[in-house]
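Here's a quick briefing to read with the model open. Take a look at the structure, then work through the points below.

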Number of protein chains: 2
Amino acid sequence: MRVWLMVLAILAPCAAPAFADPPAPDVLRAGAAAVRDRALTDPTAYDYVESLSVDVGQRLAGSEATPRATAWAEAELTKLGFANVHREPFQIIAWLRGPESAEITTPHPQKLAIIGLGGSVPTPPQGIEAEIVVVRTYAELLDAPPGAFDGKIAVLTQPMVRTQDGSGYGADNPPRRQGPSEAARRGALAYLVRSLATGESREPHTGALNYASDAPKIPAAALSVIDAELIDHLAARGVPIRVRLKLDSTTKPATVWTVEGEFRGTEHPDQIVQLGGHLDSWDPGTGSIDDGAGMAIAVAAAKLAAAQNPPRRSIRVALFGAEEMDFARPAFAAAHMGENDRIVVIGESDIGADRAWRVALPAGSRAAPEMKTYADVIAPLSVNVSPDPSRGSGDDTADLVRAGVPAFSVSQDASRYFDWHHSAEDTLDKVDRSQLNQAVATWAAFTYIAANSDVDFRALAQMNGPAAPAARSASPSAAPAPPKAGP
Amino acid sequence: MRVWLMVLAILAPCAAPAFADPPAPDVLRAGAAAVRDRALTDPTAYDYVESLSVDVGQRLAGSEATPRATAWAEAELTKLGFANVHREPFQIIAWLRGPESAEITTPHPQKLAIIGLGGSVPTPPQGIEAEIVVVRTYAELLDAPPGAFDGKIAVLTQPMVRTQDGSGYGADNPPRRQGPSEAARRGALAYLVRSLATGESREPHTGALNYASDAPKIPAAALSVIDAELIDHLAARGVPIRVRLKLDSTTKPATVWTVEGEFRGTEHPDQIVQLGGHLDSWDPGTGSIDDGAGMAIAVAAAKLAAAQNPPRRSIRVALFGAEEMDFARPAFAAAHMGENDRIVVIGESDIGADRAWRVALPAGSRAAPEMKTYADVIAPLSVNVSPDPSRGSGDDTADLVRAGVPAFSVSQDASRYFDWHHSAEDTLDKVDRSQLNQAVATWAAFTYIAANSDVDFRALAQMNGPAAPAARSASPSAAPAPPKAGP
């Protein structure tokens with residue numbers, strides 16, 4: 001946060017009247033700058049994630065926490081002044097974790113810190129004890145012939161890459177999601193994967209797996225980074241290593257809910273600026289960064305944008321009820337597909353609590369006057385506009401984006417995010433107020449401009465096509481993977 | 001660096017015979033892995049940058065240092081076993097810095113830490129003293145009407161964004177390169193720009209400017225980040241601020257040299273794997289990270305790849321003689337345009353000494369067996385392959401890449417790089433041996449595979465077109481700007 005922003009911060013309350021016509025460029029700019037500056041000291045986002053962490057806690061979709069979390073979210077949106085607060089039900093198969101443990105039994109007993117992957121089948125009650133086979137890269141696993149892991153527990157120890165843009169997570173997703181079935185195809189009895197995590201912690205990191213329909217379903221868990229490294233050292237000794245793994249879990253049909261609320265537009269209530277984050281979380285922590293902070297950013301951005309003046313278009317927030325196991329995306333798309341062309345732009349905030357450093361705009365809009373104003377308003381926050389357009393914005397919105405809804409996305413600094421994500425260390429203490437507020441300011445200024453101008457992203461995309469990358473002569477390199485590929 | 005790499009490191013010397021036919025996939029893989037592991041403990045790169053920093057020091061192109069640096073580079077390549085070591089001369093207009101100073105005179109005297117931008121005209125000997133006008137974003141400067149800065153010194157205080165991929169530098173380049181002429185068009189007598197730098201240091205960061213032919217040439221310098229923030233605070237007081245600026249410099253025609261050397265191919269000596277870094281540097285530091293480390297990486301990668309076995313194709317290294325003021329690019333292209341189609345692939349290493357986290361391959365090559373092998377070999381280094389192809393690789397190679405030469409690029413972690421780049425703090429102490437060696441390993445494994453296989457990047461590009469980004473359903477966002485747009 002730059003010092004002078006504090007100098008400029010406009011602290012006086014202001015609730016200007018609504019605009020019948022789109023505001024003049026300098027009025028739009030001044031409004032967006034005021035929203036930005038107020039966001040830098042506003043307590044809404046932090047208070048939201050603090051209450052969620054303390055008063056609700058973990059919110060595994062379909063667990064006992066779901067009704068509590070849903071009621072909390074409705075009360076919270078109502079308290080913050082949202083209108084039309086309601087819940088949208090959908091059905092899932094909930095996966096509920098039971099007791100889990102693992103230890104090395106040979107060459108000498110050593111407990112391992114593991115956590116079952118979401119969706120894993122249980123082991124038999126007595127567990128599975130077998131020799132392990134260690135593979136160091138996912139490519140090596142895929143290269144192994146049928147039968148290579150017969151009667152063994154396959155252990156993949158490939159490290160994840162620490163990245164600011166979160167691309168290391170996307171690149172490392174197949175080892176967790178498809179790894180179990182790939183190991184099973186080669187004869188494995190069970191599968192352990194080094195946590196998709198940066199940092200050096202003894203906490204293992206969970207996440208969903210996706211069984212293939214044509215492979216045996218084997219139990220699968222994540223190892224802590226530290227234990228994966230220990231196994232690498234042991235394996236280098238060339239001695240046989242045996243591991244005992246016990247996983248228990250149950251599944252059941254459940255109803256869950258996406259909670260929605262809005263600030264209704266004064267001129268074009270049917271034109272919707274759609275924000276969101278996801279209400280569900282994994283179970284070991286309190287889901288403060290995934291996605292408590294993300295929800296908090298979306299909720300605070302909507303509130304702050306609407307507090308500057310009643311918006312011309314509606315600003316709507318969705319708190320998706322089951323992101324982690326991929327259920328909310330199709331449910332939300334099915335519920336809202338009919339109003340596709342009324343959604344002006346959509347964005348989901350789901351990359352933690354740290355500062356924004358880059359935004360990506362809908363295709364073809366970068367040179368539009370409203371977006372140039374936006375770029376100028378966020379430059380003092382140390383946020384750049386990507387030369388490339390947004391490819392999407394959050395797992396829960398992906399089906400609508402594929403169906404043509406323009407997407408806006410914010411890259412927050414993900415350097416630390418995967419130290420804690422999906423682990424017992426996803427807790428409130430990781431939320432830094434000033435970084436969180438800088439992210440809110442980045443979202444809120446966009447929301448304000450989108451909701452108070454007549455910017456038409458679909459028309460801009462048709463007119464300009466996908467924005468070409470700014471072609472500087474010099475030393476360009478590659479575009480990265482998406483910041484977070486999947487939950 | 002992951003611990004187990006140490007466990008695996010193959011320390012035994014090996015100089016296998018050359019391959020007449022391309023080696024079998026498993027032999028190619030084993031060779032690349034051995035090169036990688038040796039790089040992790042090899043002293044070549046560090047020793048190179050250590051000697052350059054201590055025995056040569058700063059190397060402003062066309063200064064007294066240029067002949068010394070050139071002779072040093074020739075001796076160094078020769079010592080490391082390169083063949084055909086020679087210098088390729090070209091002409092430049094050298095810009096040489098004289099004494100520089102600046103201070104606030106009103107409301108009270110305060111020295112400012114400034115450094116002239118490369119190419120700036122001098123002030124009159126007595127300096128320029130005038131009131132300043134502070135603009136907080138470059139967009140605001142461009143929006144100012146003609147005459148807005150009449151008789152004043154324009155000061156731009158926009159911050160740069162800290163990014164891992166270096167894109168913050170590219171985004172912030174126009175304020176330094178084009179800012180002086182844009183300020184002059186609006187009547188400014190002189191121009192001060194907040195250093196294109198991250199961190200909070202009193203050291204200002206220089207870099208080239210580009211005067212427009214149709215604007216007055218005014219003196220231009222960079223302010224330290226700290227002084228720019230002080231000026232922001234002062235400006236918020238609303239009192240007039242006056243600054244005195246003195247800049248001196250001279251220009252002269254000069255001959256400079258790009259130094260080249262090679263390991264000649266045994267089977268296809270005319271097929272060239274071209275690596276490089278730049279020999280020149282800015283003058284305030286010792287150019288240890290820009291581009292001492294970059295050169296060191298390229299030199300060590302070539303040496304290590306060739307040490308594993310005599311390469312089938314030639315591995316050539318170019319140490320470009322004048323990157324910072326944009327002279328080497330056209331000179332190198334002119335000297336080598338005739339052999340374009342013999343350059344298999346080109347890559348310049350110019351983004352510091354920190355660890356690699358992503359590579360980008362030539363378009364269409366990602367699924368080629370040789371590149372899948374490469375991806376697998378670097379996965380244990382915690383380096384991903386970008387889903388998007390390389391757009392280029394270094395300023396000095398850009399003209400050849402535009403002419404169709406396939407490019408390979410490595411994203412090293414640039415999070416800290418712009419804390420020191422182009423400043424007096426670009427010194428040897430910033431070089432971390434283990435991170436440097438991880439970057440060497442990333443380059444060396446690629447070089448080994450490119451030089452010992454028959455991989456044909458041009459044919460792959462034609463067959464596959466520019467590689468499409470890996471389309472995961474989930475929350476994709478934007479592709480970033482190039483890691484470093486221009487010197």
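What follows covers cores, a strand and salt bridges.

This is a predicted model, where local features need pLDDT of at least 70, side-chain atom pairs count only at pLDDT 80 or more, and totals for chains, interfaces and linings use all residues. Residues are numbered from 1 along each chain as its sequence is written, chains are lettered from A and ligands numbered from 1 in the order written, and side-chain values use heavy atoms, leaving out hydrogens and water.

**Nonpolar cores**
- The largest nonpolar core (buried Ala, Val, Leu, Ile, Met, Phe, Trp, Tyr and Cys joined through side-chain atoms within 4.5 Å) has 100 residues, and B:Phe446 is among those touching the most other members.
- Helix α10 of chain B (residues 288–308; helices are DSSP runs of H or I, at least four residues, strands of E, at least two, numbered from the N terminus) gives this core its largest share, 13 residues.

**Strand β4 of chain B**
- In this strand (residues 128–135), 6 of the 8 residues are buried (under 20% relative accessible area; exposed is over 50%, partly exposed in between; 1.4 Å probe, protein chains only), so the rest of the structure largely encloses it.

**Salt bridges**
- The whole structure holds 61 salt bridges (a side-chain nitrogen of Lys or Arg within 4 Å of a carboxyl oxygen of Asp or Glu) over all chains.
- One of them joins A:Arg177 and A:Asp326 at 3.0 Å, N to O, tying together parts 149 residues apart in sequence; both residues are buried.
- B:Asp227 and B:Arg202 form another, with N and O 2.8 Å apart.
- B:Asp227 is buried at 1%, while B:Arg202 is partly exposed at 40%.
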